[in-house]
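Colleague: I'm new to reading protein models. Could you walk me through one, feature by feature?

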Amino acid sequence: MPAPEGHCWLCREYGKLSKEHLPAEKAYNDCPRLLMKIVDINSRDGTLRWDPTQYSKGVWIRSLCERCNTKYGNRYVGSYVDLVRRVAERISDVHESHTIPISRVRNPFLILKQVMLQFVTANGDRFVGANDWVAPFIMERWNAEIPQNIAVYLFASNSPSGRNSGVSVHRDWNINKTRVVSEFTSWPLGTVISYDGELIDDRLSPIHHWTQYANKNQYADLRLRVNPVASEYPLDFRTWSEIRSSSTKEPDDLKNASEQDVEEMMEKVKKVSGETENWILSGHPNTVSRLRK
Ligand SMILES: [Zn+2]
């Protein structure tokens, strides 16, 4: 069967779309996997409906034209895979919430580019159109321009399952702040973009400053915290037992979302994702019912 045609999610040219592995095949994405996708949310109780897809040799999406897939894959994947393999070698010896130090990470600038290339596929076909800095950053070898409001992070994960949030918005009710983020995690590495500037969170290691390593043969030191990944919500680093024990009780001081809050969240996520209707407003299990009021 010939490959389906469409606009490449990165360069926008029309043609055959190739299979882009998410993450790269050599980053432990070459075995049978099951991808669960949220397709609906119950308007009464906030429960999610899932649609499973089976993959026999790693998860892939037809997102990039053959030229982009080959060119940028060759340029960036090797350095990313090197880092993933170094994390994999260490992670079984390190407990959750502890840190893995990794010295002399090779080609940090290229790893940052690969992280962004993955988000092109992970965040859907409208992401590049809605964020005009992304395509030049990936396609131009020496481009080191990331907007001030963008922050990118890594962490380690020993969870066998990963998660892909797309462009998500959530509200931290404790500090009354709305944040737009994307998370893509696949054992043993988690990647995060914040579209609202720095996240003050010691569970995440910033890498947006790796733009300073644009020259060849550079090295950076990295410390990655091992975070649990047990729910489907981005930046939710609770363990299974923490989720179970918190699922029935709501925080005492939880505030209801005002109409203005919800409006603000919708506007933010539309702007960054490029999606106008095909997304789901969700929250943590103990806040989603509140959001709907
Ligand atoms: Zn392309």
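**Reading a helix and what surrounds it**

Modeller: Let's start with α6, in what is a predicted model. The buried residues of this helix are Met 265, Val 269, Val 272 and Ser 273.

Colleague: How are those buried residues placed around the axis of α6?

Modeller: General idea: an α-helix has 3.6 residues a turn, so residues three or four places apart point the same way. In this case, the buried residues lie on the same side of α6, because they cover an arc of only 90° around the axis.

Colleague: And which residues are exposed on the other side of α6?

Modeller: Over there you'll find Glu 259, Gln 260, Glu 263 and Glu 267. As for its length, α6 runs over residues 259-273, and its 21 Å from first C-alpha to last is close to the 21 Å expected at 1.5 Å a residue. After the helix comes Gly 274, with a positive phi near 80°.

Colleague: Which residues other than glycine have a positive phi?

Modeller: Two to look at are Arg 104, with phi near 50°, and Asn 107, at about 55°. Arg 104 sits in strand β6, while Asn 107 is in the loop between β6 and α2.

Colleague: Is Asn 107 buried or exposed? And what about Arg 104?

Modeller: Just count neighbours. Asn 107 has 22 C-beta neighbours inside 10 Å, so it counts as buried. Arg 104 has 11 other C-beta atoms within 10 Å, so this one is exposed.

Colleague: Okay, now the core. Which residues touch the most other members of the largest nonpolar core?

Modeller: The general idea first: in soluble globular proteins, nonpolar side chains tend to be buried together. Here the largest nonpolar core has 59 residues, and those touching the most other members are Leu 10, Tyr 80, Leu 112, Met 116, Val 120 and Tyr 153. The element giving the most to this core is α2, with 10 residues. Take Leu 10: leaving out residues up to four places away in sequence, its contacts include Leu 64, Cys 68 and Val 120.

Colleague: Where are the cis peptide bonds?

Modeller: One joins Leu 22 and Pro 23, with omega about 0°; Pro 23 is in the loop between β2 and β3. Another runs from Trp 187 to Pro 188, with omega near 5°, and Pro 188 is in the loop between β10 and β11.

Colleague: Last one: where is the pLDDT below 50?

Modeller: Where pLDDT is low, the predicted coordinates should not be read in detail. The mean for this chain is 86, with 88% of residues at 70 or more, but over residues 283-293 the pLDDT is below 50.

Definitions and conventions. Residues are numbered from 1 along each chain as its sequence is written. pLDDT is the predictor's confidence in each residue, from 0 to 100. Two residues are in contact if their C-beta atoms, placed from the backbone, lie within 7 Å. Helices (H or I, at least four residues) and strands (E, at least two) are DSSP runs, numbered from the N terminus. A residue is buried if 20 or more other C-beta atoms lie within 10 Å of its own, exposed if 12 or fewer, and partly exposed in between; C-beta atoms are placed from the backbone. A nonpolar core is a set of buried Ala, Val, Leu, Ile, Met, Phe, Trp, Tyr and Cys residues joined through C-beta atoms within 7 Å. The expected span of a helix is 1.5 Å times one less than its number of residues. The arc is that of the directions from the helix axis to the C-beta atoms.
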